Number of protein chains: 2
Amino acid sequence: MIVADGRQAMYRKVAAELRQGISDGAYGSGGRLPAESALAQTYGVSRGTIRQALALLRADGLVTSRRGTRRVVLGTARVQTFSETVSFTRWARSLGEEPGGRVVDVVRRAAEPVEREKLRLAEGDEVCLVLRVRTLSAVPVMVERSVYPRHIGEIVAGLDPAAVSHTVPLEEHGVRFTDVHHTIDLTYADADDAALLDCRVGDALLRERRRSTDPTGTPVEWSEDRYLPGTVAFTVHNSSAAAALSRRTAS
Amino acid sequence: MIVADGRQAMYRKVAAELRQGISDGAYGSGGRLPAESALAQTYGVSRGTIRQALALLRADGLVTSRRGTRRVVLGTARVQTFSETVSFTRWARSLGEEPGGRVVDVVRRAAEPVEREKLRLAEGDEVCLVLRVRTLSAVPVMVERSVYPRHIGEIVAGLDPAAVSHTVPLEEHGVRFTDVHHTIDLTYADADDAALLDCRVGDALLRERRRSTDPTGTPVEWSEDRYLPGTVAFTVHNSSAAAALSRRTAS
DNA sequence: GCGGCCAGGTTGGCTGTACAACTTGACGCG
DNA sequence: CGCGTCAAGTTGTACAGCCAACCTGGCCGC
């Protein structure tokens, strides 16, 4: 039985308990979960709440679900929280690595047409460009080029250039990232990349372009990250219930 | 008002209508959706059903949602169906490209330990390896190396080597893909890749590794696809409501 | 003009109910 | 032994209602 504390929804707590049970192997790999009605009884909540919890596990690819039979445990794959996928710093820490970084360059200028479109700005609005190299255990692994609208750029520009995380201070200023759209492909190192990542110009890099919006739907960041090969891989789970991945022809 | 035809759930039809409305610009970009209760009235269903429909749009990143205020339209980003993300053929056709391909090699042999683990097979079980090159408008863009458990391999091996799609015939044999886990990173062309993709050994390629399971949770395919740079990009949407993307240190 | 307060509107969370669609295993028949 | 039938169990879909948390805009007082 779980007690409501008001800070977190019941169904999220149930989901967390079920996650724990799955990774503890309480149901076995390839095993079956108890029926929704049984779970409802053991946790002392209604079936609807259980279904909300299970929808979370379903989206993470931890369990299947199919009409007519009990849910099957798919795997104990480590699942990151949203905040870990958004923040390089939190991601690294959750893996036991020591994240670091250094701001190489900050530029403020009028937004160019592409930037205006991506950040939904008006003509003449200013943007703030931040170029940063990021490290894991002191080894450079990624170059980050971010574009912020002016009011957010002000905050970023005011931070310590050696600050490990930008996301955390931004959140403290009330900037919340809730939706992120990623595009992943391959590109080649330019002179800046080569110098910062200690590789050669023209070497292939894994590229992640990212557009983040806040709860109101206003774009707050447009960023391009370039990773040294062999340092990271992106994983996506995708089910017929809720498809998130798509594949595009390169633009 | 939408009429139930029994073949598709009401909430899916409502979701489809809302999608259409969004891409038609009926609500404007950055505009607001009508309230759930209003939608419930216009579609003649209960609020719960509307919420199920909106959850689909939310997962696709088409709308935000926030307590206290109406939903905001995020974008009209083209969203693929699950079947389009799983099948190269259907994906290509939906983009107006002409997909093609050729089976280069088929091997049957006892499963190696890695394969046994990925496909959850017992010692001594056989697997079927298929090497295939795939084209868009006759241009080679991807090399696919798939591993199937024996009973599925039989079906694949029996297909015409020039067959454009393997997914479609497999589905006709009752093989259903419902969950897919993707890992995306970068690798370098080996001799086979170079010959098939018309590039040089050592050239960088975008790699997608994929493990698919059927509704019972049984693995049905383990595949590694290697794309020529500049031909595809992977896109992922990720919201604090339902996070699907994760980033891993390379294994 | 400006700021705080408040009422109304809206989504989030939870419960309960009912039935449909589907799977599985057991049973009985040929 | 093989096969179909059937019943029980389970998830999917839909409905109705209730309250809490939260946002927005307008009003009022200063």
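# A tour of two protein chains and two DNA strands

Start by selecting Gly68(B) and DNA strand C: a backbone N or O atom of Gly68(B) sits 2.9 Å from a base nitrogen of the strand. That is a polar contact, meaning a pair of N or O atoms within 3.5 Å; within protein, one must be able to donate a hydrogen and the other to accept it, and residues adjacent in sequence count only if both atoms are side-chain atoms.

Before you go on, know that this is a predicted model, where local features need pLDDT of at least 70, side-chain atom pairs count only at pLDDT 80 or more, and totals for chains, interfaces and linings use all residues. Residues are numbered from 1 along each chain as its sequence is written, chains are lettered from A and ligands numbered from 1 in the order in which they are written, and side-chain values use heavy atoms, with hydrogens and water left out.

**Stop 1: around strand C**

Stay with DNA strand C and show Arg47(B), which has a side-chain N or O atom 3.0 Å from a base nitrogen of the strand. Now add Arg67(B): a polar atom of its side chain lies 3.0 Å from a sugar or linking oxygen of strand C.

Which residues come nearest to DNA strand C? Of the 24 around it, they are Met10(A), Ser46(A), Thr49(A), Arg67(A) and Ser65(B). (A residue is near a strand if one of its heavy atoms lies within 4 Å of it.) Of the atoms of DNA strand C that come within 4 Å of the protein, 76% belong to sugar and phosphate.

Color α3(A) next, as it gives the largest share of the surface near DNA strand C, 3 residues. Helices here are DSSP runs (H or I, at least four residues), and so are strands (E, at least two), numbered from the N terminus.

**Stop 2: around strand D**

Move to DNA strand D, which has 23 residues around it. Click on the closest: Arg51(A), Met10(B), Ser46(B), Thr49(B) and Arg67(B).

Zoom in on Arg51(A), where a polar side-chain atom lies 2.8 Å from a phosphate oxygen of DNA strand D. Glu36(A) reaches a phosphate oxygen of this strand too, with a polar backbone atom at 2.9 Å. Remember Arg67(B)? Its side chain also has an N or O atom 2.5 Å from a sugar or linking oxygen of DNA strand D.

**Stop 3: where the chains meet**

Hide the DNA and select chains A and B. Here 58 residues of chain B are in contact with 58 residues of chain A (heavy atoms within 4.5 Å). The two chains bury about 5900 Å² between them, 55% of it on carbon and sulfur atoms. Buried area is the accessible area (1.4 Å probe) that two parts lose on being put together, summed over both.

Pick out Asp179(B) and Arg58(A), whose side chains meet in a salt bridge (3.4 Å, N to O). The term stands for a side-chain nitrogen of Lys or Arg within 4 Å of a carboxyl oxygen of Asp or Glu. The interface has 2 salt bridges. Then color β4(B), which gives the most to the side of chain B that touches chain A, with 9 residues.

**Last stop: the axis**

Lay chain B on chain A: a turn of 180° and a shift of 0.0 Å along the axis do it, with an RMSD of 0.1 Å. The two copies are therefore related as by a two-fold rotation axis. (The fit is by least squares on the C-alpha atoms of residues with pLDDT of at least 70 in both.) Finish on Ala204(B), the residue of chain B that comes closest to the rotation axis, at 3.1 Å (C-alpha).
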